[in-house]
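Open the model in your viewer and keep the selection tool at hand. The tour moves from strands to empty space.

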Amino acid sequence: MSSRSLVFGFLFCIGFFFKCLIGCGSLRADEPVDLIAVLRLSGESIDRSGLEGMLETNTPINAFGGLSAIDYTGSDNRYIALSDRGAGDGAASFPCRFHTLRLVVDPLQHTIGFQFEKTTMLRDQQGRSMTGSLDRLKGWNEPGRCPSYDPEGVRCLGNDTLVISDEYGPYIDLFGIDGSHRKSFQLPTTFPLSERRTVPFTEGAFTNRGFEGVALSSDRKTIIGAMQGPLVQDGRIEKSKCIGLWTRWLVIDIETGKTKQLAYPMDDETTGVSEVLSVDANRYLVLERDSTSGDMAKIKKIYLADVSSASDVTAVASIRDGLPRGSAGIQKRLLIDLLDPKYGFKGPETPEKPEGITWGPSLPDGRRLLMLCFDNDFNPANPTIFAAFAVKL
């Protein structure tokens, strides 16, 4: 065999070796989406609140779970994870809180390292604990705002301020990193809770369908609050539910408080918006899902939405039957179908509630790290799940 043949043979073997190495479980940077790793924590985990005892729902007051949102702080793999109102759909006087976590993603080992740093309690401007008690909210007749709270979305605004969306009010609030309430943004009169109006259920947010998602624009000058489902005037009430095909986003100028409204088209009447996340000046990721688990689950999707041509629908009294002629809604296309079998979430163990999404630190191959958290409803039998995706947009 000639020396040239030996050289070519050697190079062929080296190339074949690296081709096999790349194909054996490593990530491909040319793929638009890859699942990197999944972390499952026991549903019996406890937090760092230091609280002791049991709640009315017979769940520990220091249970770690119910994660409704997550956001990257911008440094040292540190994230803020937000728990919602607690077990039992508002039946517990669960003290509302958020958690500071370190989540270190290793794309080569396909692992997520987890470190629990601290738990911070939410307090209103009078220093009272904000709790998930729905009974307290329904019976509230004192001056000022009731401290009942259902926190659903969180974003880090600067070093010491958090934006949190509340589904009860609904509200968009600013909190200090110490958990103290600082400010509530004034909402349009057509948004506050419909059942508390003089004539109930004529307009406003339907119960448990308020602000579910929240985002900061890429220039960090505006807040986007996404309603989980349609306002009463935009849907119809059937079997104690408000259903429809359109929901509204409220865009708030942080400095002036001025607002505008955009219309988002949902997959069908069974879905709701769980979260919204800024990509760039005009694009957002939208987490949309149904409310079923296991083999019954049909829709758990992340869309890439474009608002560049969306009309301001503030003056449109109802979008129940669609948008007026000449108006345009938010455009969307599918980015991630979480029920695609290749991700491993589809089947009898499909979790009901993917709830939070955030960008993490950039990955070595240049793609963006997208972190998801799943809400286990404080059920000790259900794990708290984190998932890490590599995304190319």
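In what order do the 4 strands of the open sheet with β6 stand? The order is β6-β7-β8-β9, and the pairing is antiparallel. Keep in mind throughout that this is a predicted model.

**Stop 1: the sheet from β6 to β9**

Select 151-157 and then 181-184. These are β6 and β9, the edge strands, and each of them pairs on one side only. Look along the sheet and check the twist: neighbouring strands are turned by 25° against each other on average, direction ignored.

Now add residues 171-176, which make up β8. β8 and β9 pair in the antiparallel sense, over 3 bridges. To find one bridge by residue, pick Phe175 and His181: His181, in β9, is the bridge partner of Phe175.

**Stop 2: the sheet from β10 to β15**

Move on to another open sheet, also described by 4 strands, in the order β10-β11-β14-β15. Its pairing is antiparallel. Select 211-216 for β10 and 259-265 for β15. Both stand at the edges with a single partner strand, so one side of each has no neighbour in the sheet. From one strand to the next, the twist averages 25°.

Add 246-253 to bring in β14. How many bridges join β14 to β15? There are 7, and the two strands run antiparallel. For a residue pair to label, take Val251 and Lys260: Val251 stands opposite Lys260, which belongs to β15.

**Stop 3: the largest pocket**

Hide the ribbons and turn to open space. The largest pocket holds about 810 Å³ of space. Its lining counts 34 residues. Select Asn208, Arg209, Gln228, Lys241 and Ser291, the lining residues closest to the pocket centre.

Then colour the lining by class. Charged residues number 18, polar residues 11 and nonpolar residues 5.

Which strand gives the most to this lining? Select 241-243, that is β13. β13 gives the most, with 3 residues. Add 353-359 as well: this is β20, and β13 and β20 each supply at least two lining residues.

**Stop 4: the cavities**

Next, look for enclosed space. The structure holds 2 cavities of 30 Å³ or more.

The largest cavity has about 90 Å³ of space. Select its lining: Arg85, Leu134, Leu137, Lys138, Tyr168, Leu193, Glu195, Arg196, Thr207 and Asn208. By class, these residues divide into 4 nonpolar, 2 polar and 4 charged. Asn208 is worth a second click. It lines this cavity, and it is among the residues closest to the centre of the largest pocket.

The second largest cavity has a volume of about 40 Å³. Select Lys300, Leu338, Leu339, Phe345, Thr350, Pro351, Pro354 and Phe374, which line it. Here the lining has 6 nonpolar residues, 1 polar and 1 charged.

**Stop 5: confidence**

Finish by colouring by pLDDT. The mean for the protein is 92. Of the residues, 93% reach 70 or more.

Where does pLDDT stay under 50? Select residues 1-25. For this stretch the model has 3 contacts beyond four places in sequence. Where pLDDT is low, the predicted coordinates should not be read in detail.

Definitions and conventions: Residues are numbered from 1 along each chain as its sequence is written. This is a predicted model: local features need pLDDT of at least 70, side-chain atom pairs count only at pLDDT 80 or more; totals for chains, interfaces and linings use all residues. Side-chain values use heavy atoms; hydrogens and water are left out. pLDDT is the predictor's confidence in each residue, from 0 to 100. Contact means heavy atoms within 4.5 Å. On a 1 Å grid over the protein atoms alone, a cavity is a set of points where a 1.4 Å probe fits but cannot get out, and a pocket is an open set with protein on both sides within 12 Å along at least five of seven lines; lining residues have an atom within 4 Å of a point. Grid points are joined across faces, edges and corners, and a volume is the space filled by probe spheres set on the points. Ala, Val, Leu, Ile, Met, Phe, Trp, Tyr, Cys and Pro count as nonpolar, Asp, Glu, Lys and Arg as charged, and the others, Gly among them, as polar. Two strands pair if DSSP finds at least two bridges between them. Axes are lines fitted to C-alpha atoms, for helices over the stretch in contact, and angles run from 0 to 180 degrees between N-to-C directions.
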